[in-house]
Amino acid sequence: MSKARAYTNIALIKYWGKRDVAEMLPYNSSLSLTLDQFYTETSVDFVDQKEDQFFFGSEAQPVSPKVKRVLDRVRSLSGRDQAAVVKTVNHVPTSAGLASSASAFAALAVAASAAADLQLSQRELSILARHGSGSASRSIFGGFVVWHAGVDDQSSFAEPITETVDFPIAVLAILVDQGRKKVLSGAGMQASVETSPFFSAWAQTAEQAIPKMEKAIANQDIAEIGALAETNAMQMHATTLSADPPFTYFAPETLKIWEIVREIRTKGLNCYLTLDAGPNPKLICQLQDIETITNYLQNRIPDLTYTLCRPGSGAQLVAK
Ligand code: PMV
């Protein structure tokens, strides 16, 4: 039995759209910050039984095609033909609705490859995790991470920009809604790819934003990192609003928070919003401003749940 832990990551330059669905290749490169909150622990055991089994907490669930895909790759790389017993636990604040496939598939890739006695490099682990979920390729590493879009299986992998982040960047995750019916990221991005007339402009602009973001990180410029991330997030969401039929991940509270965030900026604080395939925003701020920003938001919209996140570490084996 091997067990791994991986943290989620928040994309500052987003992955949105597959160039090759079968190989899980994205249209554009993406760039993220791995967080120190919201992690998944997954154990894998290869055993002599017929079918793979999957437990989410103590509950047996069907093995999803994505999980099967990762397990099949591990079997083919290692020459094993045993079935896997996968047990996974998400560590998120109670019903936070912030669980992510990034931490889940990064943990699965590390645990499954170790259980099969494969000695994979970090790059190979990133490629393996990508086959479960694109964003998981980045959670193999800590800190700031870039996922190179690549042109084929072996050239599409993530690597760290800097795993130790020694400047006071903070991410404030806000829970506005846990129950909304979701357009899953896979279906959402496919709709954008197929029907948004803005999609090619999105992919091109996102690729061009990568070196700009790398420069802002090198300069430890939190305002520039936040500004680039907010612009990129809104450009991604523009491809859903411009899809046919149009859809959006914004909830009314999300827009309200964005409005307050822009107001906070007029007070001279660095505070920027990013949003993935759901209504819960993440604010990019300076650590020393978190209390002021939280109080400001709390006064305007009471009863939101906040989680302060700092840069986190890469996926690790916790038991072998
Ligand atoms: O990894 P997936 O297939 O769940 O897609 C993630 C898509 C976004 O979270 C919206 C953006 C990203 O780069 O993480």
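Let's start in a loop: proline 245 is found between helix H7 (222-241) and H8. The peptide bond leading into this proline, from aspartate 244, is cis, with omega near 0°. Keep in mind that you're looking at a predicted model. Here's a tour of the whole chain, then its helix pairs, then a few loop residues.

**The whole chain**

- The protein chain has nine helices and 14 strands. Its radius of gyration is 19 Å, close to the 20 Å that the globule rule gives for 320 residues, so the chain is as compact as a globular protein of that length.
- If you line up a box with the principal axes, the C-alpha atoms fill roughly 60 × 40 × 40 Å.
- How much of the chain counts as buried? The figure is 47% of the 320 residues.
- Take the contacts with a separation of 6 or more: 74% of them come from residues 24 or more positions apart.

**H2 and H3**

- Helix H2 covers residues 101-115 and helix H3 covers residues 122-130. Their axes come within 8 Å and cross at roughly 120°.
- Are they parallel or oblique? H2 and H3 are oblique to each other, because an angle counts as roughly perpendicular only from 65 to 115 degrees and as roughly antiparallel only over 145.
- The crossing of these two helices is right-handed.
- On the H2 side you'll find Phe105, Ala106, Ala109, Val110 and Ser113, and they meet Leu125, Leu128 and Ala129 in H3. Sorted by class, the residues of this contact are seven nonpolar, one polar and no charged.
- Look at the spacing of those numbers while you rotate the model. An α-helix has 3.6 residues a turn, so residues three or four places apart point the same way.
- Which residues of H3 are buried? They are Leu125, Ser126, Ile127, Leu128, Ala129 and Arg130.
- The cover over the buried residues of H3 includes helix H1 (65-78), H2, helix H4 (136-139) and strand S9 (158-162).

**H6 and H7**

- H6 and H7 pack at an angle of about 170°, with their axes 10 Å apart. That makes H6 roughly antiparallel to H7, since angles over 145 degrees get that label.
- Plenty of names turn up on the H6 side of the contact, including Phe199, Trp202, Ala206, Ala209, Met213 and Ile217. Among their partners in H7 are Ile225, Leu228, Asn232, Met236 and Thr239.
- By class, this contact has 10 nonpolar, four polar and two charged residues.
- Glutamine 220 lies in the loop between H6 (199-218) and H7. Its phi is near 50°, a positive value in a residue other than glycine.
- Is glutamine 220 buried or partly exposed? With 14 other C-beta atoms within 10 Å, glutamine 220 is partly exposed, because being buried takes 20 or more and being exposed takes 12 or fewer.

**H8 and H9**

- Helix H8 (residues 252-266) packs against helix H9 (residues 290-300) at an angle of about 135°, and their axes are 11 Å apart.
- H8 and H9 are therefore oblique to each other, and H8 passes H9 in a right-handed crossing.
- From H8, Ile257, Ile260 and Ile264 meet Ile293, Tyr296, Leu297 and Arg300 in H9. The classes here are six nonpolar, no polar and one charged.
- Just follow the chain onward to find aspartate 303, in the loop between H9 and strand S13 (305-309). Aspartate 303 isn't a glycine, although it has a positive phi of about 70°.
- Aspartate 303 has 5 C-beta neighbours inside 10 Å, so it counts as exposed.

**Alanine 149**

- Alanine 149 sits in the loop between strand S8 (144-147) and S9.
- This alanine is partly exposed, with 19 other C-beta atoms within 10 Å; the cut-off for being buried is 20 or more.
- How far apart are the C-alpha atoms of alanine 149 and serine 29? They're separated by 4.3 Å, while the two residues are 120 apart along the chain.
- Leaving out residues up to four places away in sequence, alanine 149 touches Leu25, Pro26, Tyr27, Asn28, Ser29 and Ser156.

Notes. Residues are numbered from 1 along each chain as its sequence is written. This is a predicted model: local features need pLDDT of at least 70, side-chain atom pairs count only at pLDDT 80 or more; totals for chains, interfaces and linings use all residues. Axes are lines fitted to C-alpha atoms, for helices over the stretch in contact, and angles run from 0 to 180 degrees between N-to-C directions. Helices (H or I, at least four residues) and strands (E, at least two) are DSSP runs, numbered from the N terminus. Angles under 35 degrees count as roughly parallel, over 145 as roughly antiparallel, 65 to 115 as roughly perpendicular and the rest as oblique. A crossing is left-handed if the near helix is turned anticlockwise from the far one by less than a right angle, and right-handed if clockwise. Two residues are in contact if their C-beta atoms, placed from the backbone, lie within 7 Å. Ala, Val, Leu, Ile, Met, Phe, Trp, Tyr, Cys and Pro count as nonpolar, Asp, Glu, Lys and Arg as charged, and the others, Gly among them, as polar. The radius of gyration is taken over C-alpha atoms; the globule rule is 2.2 Å times the number of residues to the power 0.38.
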